[in-house]
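Work through the exercises below with the sequence and the structure at hand. Each task is followed by a solution in steps.

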Amino acid sequence: MVGRREPQRGGGRWSVRGIATVTVAVVVALDALAVLWGHRVAQQHAVAEDRRHLLLVADTAADEVARTVATAAAQVTGLVAGADLTAVLASPGGCTLAIDAGTAFPGARLSVVSADGSIACSSADVPIDGSQPHAGAPWLGRALASDGLMTLWDTGDRVRDGDVAVVAHRFHADDGTAAGAVALFLPLDDVAGALAAGRPGRDAAGDRAEGPTGPAADTAFFLVDTSSRTIASPVPSDEDARPVAGDWDSAEPVVTPDGVERHVVTRPVEGTPWAIAAGSAWADVVAHARSEAVRQALVGLALLAALVGAGFLLHRTVVGPLRRLTRAVEAAATDPDRRVPEAGAQELRRLGREFNALLDVRAGHEARHRHAATHDDETGLLNAPGLVEHVDTCHGGSHVLAVGLRGLVHLDVDGTDLPPAVRIAAALADAAGPTAAVARTGEAVLTVCVSRDSTRDVDALAHRLAEAVDAASGGAVRAAIGVATHQPGTGGADLVRRAATALSAASAQGRVAVRFEDSMHERAEHHARTELALRRALTAGELVVHYQPIVDVADGTVLGVEALVRWERDGRLVPPLEFVPVAEASGLIGALGAHVLREACRQSARWRAQGHDLLLSVNVAAGQLVDGGFVDVVERALAESGLPPDRLCLEITESALVAHGAGGQDTLLGVEALGVRLAVDDFGTGYSSLAYLRDLPVTEIKVDRGFVAHLGHDPRDTELVASVVAMGRALGMAVVAEGVETQQQLDALRALGCDMAQGYLLGRPGPAARLEPLLRGTAMLGRSA
């Protein structure tokens, strides 16, 4: 029939609205299914995240307990080596000991116990009444029979009920028999509680530093005896619950002795038969997983709904035209040399050109950043990270030689305008060969990496490098070399550190080359521990100043004092030779010297106000001479104390004057401008040049104790001292003799016409209070009968 429309067959296209409706329905259905099965996935993820957190806190707690045990062992060993314990046993009143701050066990107790089991000294309030609470104790018997440090990990404490770990070391009487033992008792009862209170793995605000934030909000700790698989801490009220039940290192929950179902991991405590178990409540883990699954489902539903609508809009306006460009960009992102094709519509061609320009800029930035990260700015040589990377890429047989350059900072730039380090590095590269890598790893340290088959060749190379340094600097720079050889399992960073450690040994021993040995690690660690303790001592008031009188040889009148630093550490005075070299090597000598100078000036000003007009002598280290701010330090110390500048005399050793004469001359002239006196200490101990006496404002000469010791016995020493006295008199300088210990020495100095003297005969160093009675008295020191 004409005009009749036939029904359309095959159906038409879907509308955008229809597609969106179906898509949203599918998304809602899928999201509902996700809620059902997503909880299990979320729970697995939560368990994995919780396990990662528990491993972190358990490792931290295990390390803390291991450090505590190591600190206890070090304190016991140090007390046995450094204290007169037989005198402690002889004291009827007992004494009090201090626990090292690193001993973190609550209730830890340090005691000195005699062989019969009585307590002679303790860090805790325990009765010292002659009783014998430790008589027959197993730990005491083992300690008295052992030659070294003894540790008993789980035993009973007879003084206080509970299980303890005992770290003990015996000490001997004068006749060589075992007089007793020093023991540090570490109670196990509350270790777990202390770890929980410390909350390992959390920052200062109480939030977890790493790991998930939900499931392990509260972590329980247990100290486990791995040999018997029992709980050492906390001690459960039900003794039947003491053994560890089940596998505590699986993903499945276990019931812990506190009756809670927990997810638990254990980590061993190094050096002990213990392990730390950390666990979170399983109910918290499950609850967190459930809430996380629901939250993610709701968020996903909202996001997917929004994306469905936006997707259709973006598909028509943006996605289609950019599809081809996106593929090209993805390929260029993985291939730095590939570029985006500049083809297609005008907008796409322009976008392609701009993207290619960005790729070129990125390549340039990456190259510059890479070079800056691995090279020294001043010289262009490899730096320490660059050298480590180079060593890591080398195969076995590589050797690293750290070359320390003494005198480099004083070497002038020649006409080529090349930095001195570059000239010397070129000489080292020529001596080492074309395959060697040269790096600058310190202000005055060049490090060479070579591949050699023979250690004998490397030793010969070290001497060639020293000769090359000498030739390139015209003899102005001397080399000390540390050698480290690659060992299986040794990385580049370790090899470079070993070479630096060997270099420190070569510099300290005055040798051209020293090869790294394992024992150097122990010395380096001792140096690091001493440096750390010294830094704390500078702020904790442990560094004190003692004073030794300086007297007139003619009549014994006290004319002045020398200020000497002492370190009050762990109940004993540490002599300067044990910590001053560490301060010099670590750069702390400036702060140490400034502290001594301030304290000594204040004390001298107090004496002056009491009517004792004394000349104060203070030692100055070589490192202070080249410190640009030293003159200001002296000026501030004088201004703060009110001490007149002419009552202060700074003592510099003869070796420091010769070694740093050029670098420190301006400093000494600046000190002279303040009106301060200058003395040469240890005069005559190895340098024959006296030019510094002419060029520097020296007002006093101190004769080294080595020459004074043989006065009256060795005519040669008598003639030497007589010559120094005569020279000082001719130059208008006062002469002070050090180390006077006998009347015969003092009489000889008086006969030679020496001006002043100091030594044990005239007064030992001591606190200011010990010297004041001498200053108030009328007796003359050292007068012959």
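**Exercise 1.** Identify the helix and the strand that each supply at least two residues of the lining of the second largest cavity, and describe that lining.

Solution. In this predicted model, the two elements are helix H13 (589–609) and strand S19 (615–620). Next, list the lining: Gly593, Leu597, Val618, Asn619, Val620, Gln624 and Phe630. Gly593 and Leu597 fall within the range 589–609 of H13. Val618, Asn619 and Val620 fall within the range 615–620 of S19. S19 therefore gives the most to the lining, with 3 residues, where a strand is a DSSP run. By class, the lining has 4 nonpolar residues, 3 polar ones and no charged ones. The space inside comes to about 30 Å³. The search of the whole structure, with a limit of 30 Å³ or more, finds 2 cavities.

**Exercise 2.** Decide whether Glu651 is buried or exposed, and find its surroundings.

Solution. Begin with the place of Glu651, which is in strand S20 (residues 648–653). Then take the relative accessible area of Glu651, which is 1%. Buried means under 20%, so Glu651 is buried. Now look for side-chain partners: a polar contact of 3.5 Å joins Glu651 and Ser617. Finally, set aside the neighbours within four places in sequence; Glu651 is then in contact with Glu562, Ser617, Val618, Asn619, Val620, Ala679, Asp681 and Lys702. Among these contacts are Val618, Asn619 and Val620, which also line the second largest cavity.

**Exercise 3.** Which strands pair with S13, and in what sense?

Solution. Strand S11 (residues 398–406) pairs with S13 in the antiparallel sense over 7 bridges. Two positions show the register: Leu401 stands opposite Val448, and the bridge partner of Ala402 in S13 is Thr447. Strand S12 (residues 437–442) also pairs with S13 in the antiparallel sense, over 5 bridges. Here Arg440 stands opposite Leu446 of S13. The link between S12 and S13 is a hairpin through 2 residues. As for cover, 5 of the 7 residues of S13 (residues 445–451) are buried.

**Exercise 4.** Explain why S11 is described as largely enclosed by the rest of the structure.

Solution. Count the buried residues: S11 has 8 of its 9 residues buried, so the strand is largely enclosed by the rest of the structure. Then add the pairing. S11 is joined antiparallel to strand S14 (residues 478–485) by 8 bridges, and to S13 by 7 bridges, also antiparallel. Ala402 has a bridge partner in each of these strands: Gly482 in S14 and Thr447 in S13.

**Exercise 5.** What volume does the second largest pocket have, and which residues lie nearest its centre?

Solution. The volume is about 1500 Å³. Of the 35 lining residues, Ala74, Gln75, Asp100, Arg569 and Asp570 lie nearest the centre. Sort the lining by class: 19 residues are nonpolar, 8 are polar and 8 are charged. Then sort by element. The helices that each supply at least two residues are H1 (16–82), H2 (85–90) and H11 (519–540). The strands that do so are S1 (109–114), S17 (558–569) and S18 (572–574). Of the central residues, Ala74 and Gln75 fall within the range of H1, and Arg569 within that of S17.

Key:
Residues are numbered from 1 along each chain as its sequence is written. This is a predicted model: local features need pLDDT of at least 70, side-chain atom pairs count only at pLDDT 80 or more; totals for chains, interfaces and linings use all residues. Side-chain values use heavy atoms; hydrogens and water are left out. On a 1 Å grid over the protein atoms alone, a cavity is a set of points where a 1.4 Å probe fits but cannot get out, and a pocket is an open set with protein on both sides within 12 Å along at least five of seven lines; lining residues have an atom within 4 Å of a point. Grid points are joined across faces, edges and corners, and a volume is the space filled by probe spheres set on the points. Helices (H or I, at least four residues) and strands (E, at least two) are DSSP runs, numbered from the N terminus. Ala, Val, Leu, Ile, Met, Phe, Trp, Tyr, Cys and Pro count as nonpolar, Asp, Glu, Lys and Arg as charged, and the others, Gly among them, as polar. Buried means under 20% relative accessible area, exposed over 50%, partly exposed in between (1.4 Å probe, protein chains only). Two strands pair if DSSP finds at least two bridges between them. A polar contact is a pair of N or O atoms within 3.5 Å; within protein, one must be able to donate a hydrogen and the other to accept it, and residues adjacent in sequence count only if both atoms are side-chain atoms. Contact means heavy atoms within 4.5 Å.
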